[in-house]
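Here's a quick walk through one stretch of sheet and a handful of charged pairs. Pull up the model and follow along.

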Amino acid sequence: MARARVLLLNAALGPLDYRVPHGMSAPPGSIVVAPLGPRQLIGVVWEEDAFPDVESVGDNRLRNLLEVVDAPPLPEPLRRLIEWTADYYLAPPAAVLRMALASMSALEGARTVIEYRATGTLPDRMTEQRTQAMERIGERQGLIRELAMIGGVSDAVIRGLVKAGAFEAVEVSIDTPFPEPDPDHAPPALSTEQQAAASRFVTAVHDRDFAPFLLDGVTGSGKTEVYFEAIAEAIREGRQVLVLLPEIALTEPFLERFEKRFGTVPVNWHSGLRQSERRRAWRAIAAGEARVVVGARSALFLPYPNLGLIIVDEAHEASFKQEDGVHYHARDVAVMRGLIEKFPVVLASATPAIETRHQVELGRYEEIRLPARYGGAEMPRIEGINLLTDPPERGRWIAPPLVRAIDETLEKREQSLLFLNRRGYAPLTLCRHCGYRFQCPNCTAWMVEHRLTRRLACHHCGHVIPSPRFCPECKEEDSLVACGPGVERIADEVKALWPQARTAIVTSDTLWSPAKVAEFVKSVEAGAVDIIVGTQLVTKGYHFPNLTLVGVIDADLGLEGGDLRASERTFQQIVQVAGRAGRGQKPGRVFIQTRMPESEVIQALIAGDAERFYAVETENRRRANAPPFGRFAAIIVSSEDADEAAQVARLIGKSAPTIDGMRVYGPAPAPLAVLRGRHRHRLLVHATRQVDVQGAIREWLSDIVWKSGTRVAVDVDPYSFM
């Protein structure tokens, strides 16, 4: 009798044994439908020896597998990656597997699906919800459920609009082949340095062996053109390529550059795809037909059968670390996938993470450097503005030297960028009469005013209320005061100072889709924008030749809070945003407003001395035995019951093992003590590199029992300490 060990898509379950019916073939990797009680669940057949601790079930107790899904099996190297990720990040294997089977519709047999799009006709009766839906959806197309989510309304509202003729049905083919990129379509003219770097990558792709690289090039040095040559070589050799980007907002500019080089756009993978698009992409990837995929971190676990190269662009970005579910870091898992499947991995960055630089020092990664901008463009001149000695006018946030610089830039018909990494109008709203502060009812966080949409919003759980007219505590009208600036407030100041200037606000609130990003990019390139006011969305990936001035409104903002990586992140972010200036033939200038001009970060930025900053910061990490010299792991306990969360956290703390080279701090209430209605406590594990942290935590928590409503999450190599 044939048996199969199946990993089901249920994180609460381990692998289960099933009987393979006569006439059915289900080798390891097969995607199957298996019964579980009255339910039918998707799972993947796994090797029995991969889970040696699972107790085998007698033949007489086995249930039959119901079906082998008509889809390519999960490749053996991907199964090994799933096992490694689950083991390293202390996650249920099923939770990691779910990322590989990220499109349930791809496992169904249908070849077409019915979607809906606007007809241009508005119904006679337009309610507030219908109006909102029509405005937000615009020309986008999708399933009823997808359009409802885009429009922020219920399914019933969309169905009503369909019935009223505002939307029409469209039959969409979901298995249309993707066009193949042409590696010889438009080869670029590379500089000597670029050509040397490209040749090294081409050789590595041709060698078909594991080779991790750091492509360390200043902003504007042409890193993308260099790794495009590695992509071209992989295409020539019939291999698949994955390019990971940290933000969906970067996808559109990348697609344009890719299409110019290869004659067609690559296959997309990110959270903004429609269900039919996800199905088409997943099937093409699994069949090996999608030659180049560009996507967010989740694209890393897709079932490529013939992967030959991974590029991690902007590899220093913290957004590559997933903060919920499986707490993996896409940069590190990408390197591990390259090791398992024997192909090169390129980490590209103008400001590499200290962990990556340390791997270079140890000789584990090969560094390829591009020290100068392409085409003779010069790096921008950076100046500091001491806000203690040269403050803005009362009630304003832009200091006089920066105001004068913007005046000069506008006179020359050049473009400016003002950077502040804070969405909305103001981070805090309070009552000047009684002191009441608007706080999220679900989180220990202030509600952020968004004046453009007339609402207060929590940036942690998404709770939204209309902008109030009076204080809910003392009922006084016109007593509410906005405290501190967000980008919308800076934009208001820009309009007051330069009423004739055309301004664009760039945040995740205004650029929520690739289409919106494309619209913004085209308007800037066409000269229809004079001043950009934006958050970290504009710090990377954009090339605007006429943008010659960058102003950093509050360079000290990222240094607040005591985060381990606060200095490094601030340095990286400001270097990246400064790199938007002077990328064409016109020279660039950068002004950094600060109240801490003597800090190591600010001094290094103004001096343009990255090596000094990294040397000091690395030595600080070494003394503290912090990553990459030591290891951290966080244990986060959460529950809707405050007492239960505290009790379980104390129990875990009291049960902490005594191990040489490992210390446990806490428990203590998390800085975000309540998040989405759940009370949170944290413990921090600090260990030397020699300690088996995962093994210690696994054994430590295995003997502790907590109620089902309490969650205990482990974050290995944490990036957030909130």
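## Strand β11 and its neighbours

In this predicted model, strand β9 (residues 240-244) pairs with β11 in the parallel sense, over 4 bridges. If you want a spot to zoom in on, V243 has V294 as its bridge partner in β11. Strand β10 (residues 267-269) also runs parallel to β11, joined by 3 bridges. There, W269 has G295 as its bridge partner in β11. To get from β10 to β11, the chain goes through helix α9 (residues 275-286), and this β-α-β crossover is right-handed.

So what about the faces of β11 (residues 292-295): are they covered or open? Both are covered. V292 and V294 sit on one side, V293 and G295 on the other, and all of these are buried.

## Salt bridges: the R79 group

On to the charges. Side chains of opposite charge can pair when their charged atoms come close. How many salt bridges does the model have? The count comes to 38.

One of them joins the side chains of R79 and E47, at 2.5 Å from N to O. This pair links distant parts of the chain, 32 residues apart: R79 belongs to helix α1 (residues 76-88), while E47 is in the loop between β4 (39-46) and β5 (67-68). Both R79 and E47 are buried. The two also belong to a bigger picture, a network of salt bridges that links E47, E76, R79, R80 and E83.

## Two more pairs

K412 and E414 form a salt bridge too, with their closest N and O atoms 4.0 Å apart. Is E414 buried or exposed? E414 counts as buried because its relative accessibility is 10%, and the cut-off for buried is under 20%.

E644 and K707 make another salt bridge through their side chains, at 3.9 Å from N to O. E644 lies in helix α18 (residues 642-654) and K707 in the loop between α19 (693-702) and β29 (711-716), so this pair ties together parts that are 63 residues apart in sequence. And the burial of each partner? E644 has a relative accessible area of 11%, so E644 is buried. K707 comes out at 58% relative accessibility and therefore counts as exposed, since exposed means over 50%.

Conventions. Residues are numbered from 1 along each chain as its sequence is written. This is a predicted model: local features need pLDDT of at least 70, side-chain atom pairs count only at pLDDT 80 or more; totals for chains, interfaces and linings use all residues. Side-chain values use heavy atoms; hydrogens and water are left out. Buried means under 20% relative accessible area, exposed over 50%, partly exposed in between (1.4 Å probe, protein chains only). Helices (H or I, at least four residues) and strands (E, at least two) are DSSP runs, numbered from the N terminus. Two strands pair if DSSP finds at least two bridges between them. A crossover is right-handed if, with the strands pointing away from the viewer, the path from the first strand over the helix to the second runs clockwise.
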